[in-house]
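Trainee: I'd like a close look at one part of this protein, the sheet and its strands. Could you take me through that part slowly, and then show me how the rest of the chain sits around that picture?

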Amino acid sequence: MKSNIHPNWHSQAQVTCSCGNSFVTGSTLEKIEVDICDKCHPFFTGEMKFVDRQGRVDKFKQKVEQAQARQKQNQLKQQQKQQSQAQQSEEENLTYQEILREKQSQLRQDKN
Ligand SMILES: [Zn+2]
């Protein structure tokens, strides 16, 4: 073996899991901390369990809530738009005669 190129080998490396289980293995690290092991992984326990390491489930729920809030806002905006459009179209539905009459009356008022 060439010297000074190989990492130190720990044949009694201690592995500790977040569930409390610990065992010994060989590793270049002296101590290993893991989030999941064969004693608590759903595949081995057969239990349905969400492994939520970094709050991903909560993040997803937050995203869903935000999306729903946005949808509601968009619906409100659309309703307001439709209402204002309806008002506008009422104003636009004047006939030319009515518009002419309005303009003429305005002109008369301006002259007086
Ligand atoms: Zn474990």
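Mentor: Sure, let's start with one pair of residues: Ala 13 stands opposite Thr 25 in β2. Before we go on, keep in mind that this is a predicted model, where local features need pLDDT of at least 70, side-chain atom pairs count only at pLDDT 80 or more, and totals for chains, interfaces and linings use all residues. Residues are numbered from 1 along each chain as its sequence is written.

Back to the strands (a strand is a DSSP run of E, at least two residues, and a helix is a run of H or I, at least four, both numbered from the N terminus). Strand β1 covers residues 10-17 and pairs with β2 in the antiparallel sense over five bridges; to count as a pair, two strands need at least two bridges found by DSSP. Another spot to look at is Thr 16, which stands opposite Ser 22 in β2. The hairpin of β1 and β2 has four residues between the strands, and there Gly 20 takes a positive phi near 105 degrees.

Cys 19 also has its place in the loop between β1 and β2. With 13 C-beta neighbours inside 10 Å, Cys 19 counts as partly exposed. The scale goes like this: buried takes 20 or more other C-beta atoms within 10 Å of the residue's own, exposed takes 12 or fewer, and partly exposed is in between, with C-beta atoms placed from the backbone. Leaving out residues up to four places away in sequence, Cys 19 touches Cys 37, Lys 39 and Cys 40; touching means a contact, with C-beta atoms, placed from the backbone, within 7 Å. Phe 60 is 41 residues from Cys 19 along the chain, and their C-alpha atoms are separated by 24 Å.

Now the other partner of β1: β1 and β3 pair in the parallel sense over four bridges. Cys 17 has Val 34 as its bridge partner in β3. Put together, the three strands form an open sheet in the order β2-β1-β3, with mixed pairing. β2 and β3 (31-34) stand at the edges with a single partner strand each, so one side of each is left without a neighbour in the sheet. Neighbouring strands here are turned by 35 degrees against each other on average, direction ignored, using lines fitted to C-alpha atoms as axes. As for β2 (residues 22-27), zero of its six residues are buried, so β2 lies largely in the open.

Let's zoom out. From the N terminus on, the elements run β-β-β-α-α-α. The radius of gyration, 37 Å, is well over the 13 Å that the globule rule gives for 112 residues, so the protein is more spread out than a compact globule. That radius is taken over C-alpha atoms, and the rule is 2.2 Å times the number of residues to the power 0.38. The C-alpha trace spans about 110 × 40 × 20 Å along its principal axes, and buried residues make up 0% of the 112 residues. Helix α3 (residues 96-111) fits in here too: zero of its 16 residues are buried, so α3 lies largely in the open.

Note on methods:
Axes fitted to C-alpha atoms, helices over the stretch in contact; angles between N-to-C directions. Contact = placed C-beta atoms within 7 Å.
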